[in-house]
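Reader: Hello! I would love a close look at a single part of this model, with its surroundings filled in as you go. Could you walk me through it?

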Amino acid sequence: MRKNQLESRQRFDMRMLFFYAITPLLLGGLSLHLLQLQWLQHEALALQADENRLNIVPVLPVRGEIIDANGTGIAMNKIAYRVLLIPERVDALDELLASLSETLEWSPEKLTHIRKRIKSSRPDRPVLLDDKLQWQQVSPIAARLHHFSGIDVEAGSYRYYPYGSLTAHLIGYLSLARQSDLDAGYLSTEFIGRAGVEKSFESYLHGTPGSQQEEVDARGRRIAVIKRSPSVMGNQLQLALDIDVQKTASEALGDRTGAVVVMNVETGEIISMLSQPGYDTNRFITGLESVQWDAWLNNPDKPLLNRATQAAYPPASTFKMLTGLAGLEQRANLATGTTQCPGYLELADRNLRCWKRTGHGKVDMHSALVHSCDVYFYKLGDQVGMAAISDTAQKWGLGEKTGIDLPPESRGIIPAHRPYMMAEMSSRSSKRRHWFRGETMITSIGQGQLTTTPLQIARLAATIANGGKVLKPQLLADSPAEIQHQIDVKPEHLNTIRKAMRSVVSSPGGTAFRALASAPWKVAGKTGTAQVVKMAQDNQKRTKLSQEQIIKRHQDHAWFMGYAPYDNPKVAIAVFVEHGGHGGSDAAPVAAAIIQTLAAKEQAAAL
């Protein structure tokens, strides 16, 4: 028994010895770990603790506003509230979205759109759920934020376009950042310019984001704002646009499809640029529903198309001035001579018709321009040749982009009688490689494969008015003139064209006499009526157009181009009415209304 007690005592002593040996080691290790936490890793752990307690929230900048030449707001900012969500802080996303949908009255399509937006966004970044909200709409959510993990209600601003479709193609619109924008450094809740001036001057208008440091609880709900670095507002942008002239152009055009461009002849500033029909740019904020987008895309009148810069049409008789200039420069006999117009020109086995079936009788260049005689220019074009006509057209700024800061822009088509152009000029249904005399004649009157944009025609009018300076169209107010090139044209040749353009308006037989003879400014101009290729019957069925729409699409296009005042030119004007009828009766009255407004504004400013 004593032996057992001795063995027990020895085991106890061994255990105590082990305890006494291990305890200092454990205490030493613990002390070293505490030292590491308190000293060596203090900054890193303190930062991690702050990150768990603090949240950095971006503060979006207020976008710079866009005003017209008179200071009238064209793209403005309105105060409103928006609802944001950080997905990783939400436990029951479906229940939360259902509750918000009921409160904010989201449509099923909008809710689906929001779900897609959340799915495509980073879980740790705020996602915009709704915008343009008033306090009455968000107050039920704001009062219960402690029940909505990951939700925040934020006061801010949203873009508002007071003139909507009137300035849609010029000003453009905004939409939420896409993946490509995020890759470029934008935040997912920022709005980016997608078209028009909003896109072209995005960096100037956007501003610089700030940040806000917030203290949050364990569920990510804000407790207090610790620090705030303010954002920097974007710059205000003043355009050369005069919204009063823009409204006049729209009212004069009415419900017809077309485009109007008004341009300063010395600086190239765009005073008005209208394309109809337009679309409501306010619909794009917070995302456009697919039903509306599809309706615009499938609308046969193409409201999304900027007809002033993106659509090219046969310029019709507005091109005859360039055929005349080519004839004068090439010293063609007919350029300084006369010919007879019986109402047609015999060419091989067919007749090329003049618009006036009974003919114009004896005509020279002046009377041919005033009365828009086709036969005279058929013959003049035949004498000059396609190469010279093409060279003249390109020299005067056709067949090339104007360089306006509104991409994309059409360059139009100027056919050329040269081998390297043959493939482009050949019909898609034919492999021919020949250019026929008749094609040169048709091109001479602004028909055939020749196409131009309304902006190019307005610039052509400005170039004739300013003595041959081909200007870059300028969108911003007080922009200095940017001369792309100076045309070497003889003054006597230019005066021949100018006098004829004046007589188009001032002579009783001129094609624009009725519309513009009594205008407050003396006007020089030229009308045009572009023939439309008839639509095949099977194509009519495929397009699903009504009979009224089909009849309308068989009507000719109407043009007017000119400048005023004649003695001291200030503005150039181009009016295009798609399927509008005749230049003198349908396009010229629009120009008359614009000149009336410009003259009245000038008179009021002088008082």
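Is the crossing of α10 and α23 left-handed or right-handed?

Author: Happy to help, and please keep in mind that this is a predicted model. The crossing of α10 and α23 is right-handed. Helix α10 covers residues 243–253 and helix α23 covers residues 583–606; their axes come within 9 Å and cross at roughly 155 degrees. Because angles over 145 degrees count as roughly antiparallel, α10 is roughly antiparallel to α23.

Now for the side of each helix that takes part. From α10 come Asp244, Val245, Thr248, Ala249, Ala252 and Leu253, and they meet Val590, Ala593, Ile594, Thr597, Leu598 and Lys601 of α23. Sorted by character, the residues of this contact are eight nonpolar, two polar and two charged.

Moving along the chain from α10, we can turn to strand β11, residues 258–264, which is joined to β12 by six bridges, the two running antiparallel. One residue to look up there is valine 260, whose bridge partner in β12 is leucine 274. In general, strands of a sheet pair through backbone hydrogen bonds, either parallel or antiparallel. Both strands belong to an open sheet of five, ordered β12-β11-β21-β20-β19, with antiparallel pairing. At its edges are β12 (270–276) and β19 (524–530), each pairing on one side only. From one strand to the next, the twist averages 5 degrees. Helix α19, residues 491–506, lies across β19 and β20 (557–564) and runs at about 75 degrees to β19.

The backbone around these strands also has details you may like to check. Most peptide bonds are trans, and most residues other than glycine have a negative phi. Against that background, the bond from glutamine 276 to proline 277 is cis, with omega near 0 degrees; proline 277 sits in the loop between β12 and α11 (290–298). Another cis bond joins alanine 564 and proline 565, where omega is about -15 degrees, and proline 565 lies in the loop between β20 and β21 (571–577).

Two residues with positive phi round off the tour. Alanine 316, in the loop between α11 and α12 (320–329), has phi near 55 degrees. Its relative accessibility is 0%, so alanine 316 counts as buried. Arginine 331 also has phi near 55 degrees and is placed in the loop between α12 and β13 (339–341). With 70% relative accessibility, arginine 331 counts as exposed.

Methods
Residues numbered from 1 in each chain as written. Predicted model: local features only at pLDDT ≥ 70, side-chain atom pairs only at ≥ 80, totals over all residues. Heavy atoms only, no water. Pairing = 2+ DSSP bridges. Helix = DSSP H or I, 4+ residues; strand = E, 2+ residues; numbered from the N terminus. Axes fitted to C-alpha atoms, helices over the stretch in contact; angles between N-to-C directions. Contact = heavy atoms within 4.5 Å. Parallel < 35°, antiparallel > 145°, perpendicular 65-115°, else oblique. Left-handed = near helix turned anticlockwise from the far one by under 90°. Nonpolar A, V, L, I, M, F, W, Y, C, P; charged D, E, K, R; others polar. Buried < 20%, exposed > 50% of the residue type's maximum accessible area, 1.4 Å probe, protein only.
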